[in-house]
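This walk-through takes the ligand site and then one position elsewhere in the chain. Have the sequence and the structure open while reading.

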Amino acid sequence: MTFETLGLSPALLRTLAETGYTQPTDIQAQAIPLVLDGHDVLGGAQTGTGKTAAFALPLLQRLSKQTPANGPRKPRALVLVPTRELAVQVADSFKAYGRGLHLGVTTLFGGAGMQPQIDSLRRGTDIVVACPGRLLDPLEGGTAKLDAIEILVLDEADRMLDMGFLPAIKRVVNRVPKDRQTLLFSATFEDQIKALAMEFMRNPQQVQVS
Ligand code: AMP
């Protein structure tokens, strides 16, 4: 299996070669073609399986295909993550895999330095990586507009639920267009995760790695 056979663009293939990735991991091989096809995907994968690239690569490809209308850009992809550390890591992956694609990435997490995050939203961005609680203020105050979101990712959904983010997730998802593509990654699939998938996803394709 090679990245070429998964349907990724020449620009992304070049970046992957430069990064030194020679072949897709199991979760990437399964998830990338489904995401490129526009399916909702329920991914069973832990950290270390290459799950970040499994959603970041096809998402970057989809976003870079259409140029947004002129004027300040509104986020077209939203990635919800449980922790600040993961937000930084995921945003760094988007920046690394997306170099040369001219897509903006903004992170939103709690603690010091909120203002630069808000300024970045105001200037316009394409991809927002956020902890759910941190998004509520800018969202409900009108700085973060989610009405142009095309792809929603819930990363490490089981950890977000363990941390009590379910009410915040629901408030955020309520503001995202219903006709979006939704991707949910989780290490486990207990009933609460299944319920979340039923509520937020349309005919999800399930992929699983151990
Ligand atoms: P993740 O599970 O997304 O946290 O990724 C775990 C690690 O695997 C990260 O350090 C990635 O840079 C690396 N990685 C992801 N995909 C590949 C690949 N296809 N080949 C080699 N390393 C990879």
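In this predicted model, a polar backbone atom of threonine 49 sits 3.0 Å from an oxygen atom of the ligand. A second polar contact involves a side chain: an N or O atom in the side chain of threonine 52 is 2.6 Å from an oxygen atom of the ligand. A nitrogen atom of the ligand also takes part, lying 2.9 Å from a backbone N or O atom of glutamine 23. The ligand exposes 500 Å² when taken alone, and the protein buries 66% of that area.

The residues just named belong to a wider shell. Around the ligand are Phe3, Tyr21, Gln23, Pro24, Thr25 and Gln28, together with the run Thr47, Gly48, Thr49, Gly50, Lys51 and Thr52. Sorted by class, this shell has eight polar, three nonpolar and one charged residues. Lys51 is the charged one, because lysine counts as charged in this scheme. Phe3, Tyr21 and Pro24 make up the nonpolar group.

The second position is glutamate 140, which is part of helix α6, spanning residues 132-141. Is glutamate 140 buried, exposed or partly exposed? Its relative accessible area is 38%, so glutamate 140 is partly exposed: the value falls between the 20% limit for buried and the 50% limit for exposed.

Outside its neighbours within four places in sequence, glutamate 140 is in contact with Arg171 and Arg175. For the pair formed with arginine 171, the separation is 31 residues in sequence, and the C-alpha atoms are 9.5 Å apart in space. The contact itself is between heavy atoms within 4.5 Å.

Terms used: Residues are numbered from 1 along each chain as its sequence is written. This is a predicted model: local features need pLDDT of at least 70, side-chain atom pairs count only at pLDDT 80 or more; totals for chains, interfaces and linings use all residues. Side-chain values use heavy atoms; hydrogens and water are left out. Helices (H or I, at least four residues) and strands (E, at least two) are DSSP runs, numbered from the N terminus. Buried means under 20% relative accessible area, exposed over 50%, partly exposed in between (1.4 Å probe, protein chains only). A residue is near a molecule or strand if one of its heavy atoms lies within 4 Å of it. A polar contact is a pair of N or O atoms within 3.5 Å; within protein, one must be able to donate a hydrogen and the other to accept it, and residues adjacent in sequence count only if both atoms are side-chain atoms. Accessible areas come from the Shrake-Rupley method with a 1.4 Å probe; for residues, only the protein chains shown count as cover.
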